[in-house]
Amino acid sequence: MLGHSHAMSGLAAGAATLPWAGQVGVAGPVEQLAWVAAWGGFAMLPDLDQGGIHWRGAMPSSTGSTVARMWGPVTTTLASAVGKLAGGHRQGTHDLLLAPAIFGLLTALAAHNTYASMAVIALGIGLALQALHVVIPGRVEQTVIGNVVISALGAWWVTGTANHALEWLPWAVAGGVVVHILGDWLTVGGVPVPLTWVGGHSVRLSAGLFKTGAKTEHVVATMFAVAAVVGIVAFTPLQGYLAPVIDPVMTSAPLSP
Ligand SMILES: [Zn+2]
């Protein structure tokens with residue numbers, strides 16, 4: 001799946017899980033929206049296994065997935081390291097058992113160190129900005145410098161002002177990763193059967209519904225985007241603001257044919 005489709009499915013899943021988000025520490029409408037945005041962003045994380053620096057003469061350029069290109073050389077270098085460690089693209093980081101557990105655990109561990117915690121939060125903000133780029137005016141958040149600056153300032157602000165340590169973050173990371181893997185499972189390329197990638201010859205699991213980037217994928221992504229909006233309206237205080245608009249429409253609908 002394309003980064004954009006992963007983001008939309010992540011946003012939809014984040015919105016759908018809002019009724020349970022309170023149980024992992026999500027408090028208040030701002031954190032509810034952060035929860036949904038984090039799911040959307042981290043749903044692109046597993047493709048951190050695909051990227052590298054491509055040399056055109058003496059000019060280096062970043063290639064690979066959305067997350068790999070996000071912060072230029074920083075994320076591309078990280079992506080090529082992760083790709084090697086995970087046995088290539090759509091291998092270890094797409095293991096439905098290991099990947100959510102490891103990414104979630106790393107996020108939980110990062111919370112114990114100020115700088116590691118800021119780095120994870122910045123990555124989350126950067127990815128969330130990418131996920132939400134369709135509703136953000138302009139393209140600043142999609143440029144390397146723009147994204148780095150906003151994400152770094154955001155992480156600094158969140159670490160300085162949050163009165164508790166975003167204990168829900170590892171859950172949003174693990175959840176986003178699960179959604180990503182399920183999304184890739186739908187495609188022809190599929191995902192590895194858990195643990196089989198370790199030896200270098202993974203057995204594949206695939207629903208084979210469509211090829212990455214096919215028209216069907218765009219239709220599915222649009223449906224997820226609509227579901228995300230419906231979920232946010234239904235499960236956050238936004239509903240209170242929209243009720244005066246929605247209620248008259250609902251009550252004036254004919255009850256019998
Ligand atoms: Zn993927």
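## Two helices that cross

In this predicted model, helix α3 (residues 28-42) packs against α7 at an angle of about 85°, and their axes are 7 Å apart. That angle makes α3 roughly perpendicular to α7.

Which residues do the meeting? From α3 come Ala-37, Ala-38, Gly-40, Gly-41 and Phe-42, and from α7 come Gly-124, Leu-127, Ala-128, Gln-130 and Ala-131. Sorted by class, this contact has six nonpolar residues, four polar ones and no charged ones.

## A helix with a buried face

Now let's turn to α6. This helix covers residues 98-110, which makes 13 residues. From its first C-alpha to its last it reaches 18 Å, close to the 18 Å expected at 1.5 Å a residue.

Six names are worth finding in the structure: Ala-99, Pro-100, Phe-103, Gly-104, Thr-107 and Ala-110 are buried in α6. Looking down the helix axis, you would see these buried residues fall within an arc of 120°, so they line one face of α6. A general rule helps here: an α-helix has 3.6 residues a turn, so residues three or four places apart point the same way. The cover over the buried residues of α6 includes α7 (114-131) and α9 (169-186).

## A closer look at Ser-151

Ser-151 has its place in helix α8 (residues 144-161). Is Ser-151 buried or exposed? Ser-151 is buried, because 24 other C-beta atoms lie within 10 Å, and a count of 20 or more is enough for that label.

Leaving aside neighbours within four places in sequence, Ser-151 is in contact with Ala-122, Ile-125 and Gly-126. Ala-228, by comparison, is 77 residues from Ser-151 in sequence and 23 Å away in space, C-alpha to C-alpha.

Notes. Residues numbered from 1 in each chain as written. Predicted model: local features only at pLDDT ≥ 70, side-chain atom pairs only at ≥ 80, totals over all residues. Helix = DSSP H or I, 4+ residues; strand = E, 2+ residues; numbered from the N terminus. Expected span 1.5 Å × (residues − 1). Buried ≥ 20, exposed ≤ 12 C-beta atoms within 10 Å, placed from the backbone. Arc of directions from axis to C-beta. Contact = placed C-beta atoms within 7 Å. Axes fitted to C-alpha atoms, helices over the stretch in contact; angles between N-to-C directions. Parallel < 35°, antiparallel > 145°, perpendicular 65-115°, else oblique. Nonpolar A, V, L, I, M, F, W, Y, C, P; charged D, E, K, R; others polar.
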